[in-house]
Amino acid sequence: MRLWSLHPSFLDKQGILGVWREGLLAQKVLIGKTQAYVNHPQLIRFKKTSDPLLYIGTYLYFIYVEGSKRGYKFDAKKILKYDPKIDKIEVTIGQLYFEYAHLLKKLEKRDPEKYKEDQKRDPQSHPLFRVVKGDVEPWEKSKDAKAFRNPYKLVFS
């Protein structure tokens, strides 16, 4: 499960379809409709909020908006609740750049055109998140995160 901190505009077709599916799965997990993934680290930041279901729904809402811009027919009725004006969740700049590097590696192989496009852009966060100083998030369990060397020469503190 990957619930990207990056703005959905960075995702290719496979990425946006995947995050829609995985976001819906996360919503099921948070309402107790599945036994799978209940302790998945990607859910920690949503579980820490005052209303995890509202936050995952709002996350999905912004995926829905991006998908609609691209002509995808995501079913907004599947989002149980959302509020685009809720307080944002913090994400560290280190996490954002880790995900950016991770996504670029994927795009280089599966969508070279999107790779070229995204490589020219500075990473932006998903609209639900507010970027703060810091390194890769402690909940990030990817083995690549442990070995991540900041190729962007940013200072994390």
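**Helices and core of the predicted model**

Buried residues of helix 1 (13–30) are Gly15, Ile16, Gly18, Val19, Trp20, Gly23, Leu24, Ala26, Gln27 and Val29, where buried means under 20% relative accessible area (1.4 Å probe, protein chains only). Helices are DSSP runs (H or I, at least four residues) and strands are E runs of at least two, numbered from the N terminus. The model is predicted, so local features need pLDDT of at least 70 and side-chain atom pairs count only at pLDDT 80 or more, while totals for chains, interfaces and linings use all residues. Residues are numbered from 1 along each chain as its sequence is written, and side-chain values use heavy atoms, with hydrogens and water left out.

Helix 3 and helix 4 are among the elements that cover the buried residues of helix 1. Just after helix 1, Gly32 has a positive phi of about 75 degrees.

Turning to the interior, the largest nonpolar core has 35 residues, of which Leu3, Val19, Phe46 and Tyr59 touch the most other members. Such a core is a set of buried Ala, Val, Leu, Ile, Met, Phe, Trp, Tyr and Cys residues joined through side-chain atoms within 4.5 Å. Helix 3 provides the largest share of this core, 8 residues.

Helix 4 (residues 93–110) and helix 5 (residues 112–119) have axes that come within 6 Å and cross at roughly 145 degrees; axes are lines fitted to C-alpha atoms, for helices over the stretch in contact, and angles run from 0 to 180 degrees between N-to-C directions. Contact here means heavy atoms within 4.5 Å. Tyr100 and Leu103 are among the helix 4 residues that take part.

Key
Buried < 20%, exposed > 50% of the residue type's maximum accessible area, 1.4 Å probe, protein only.
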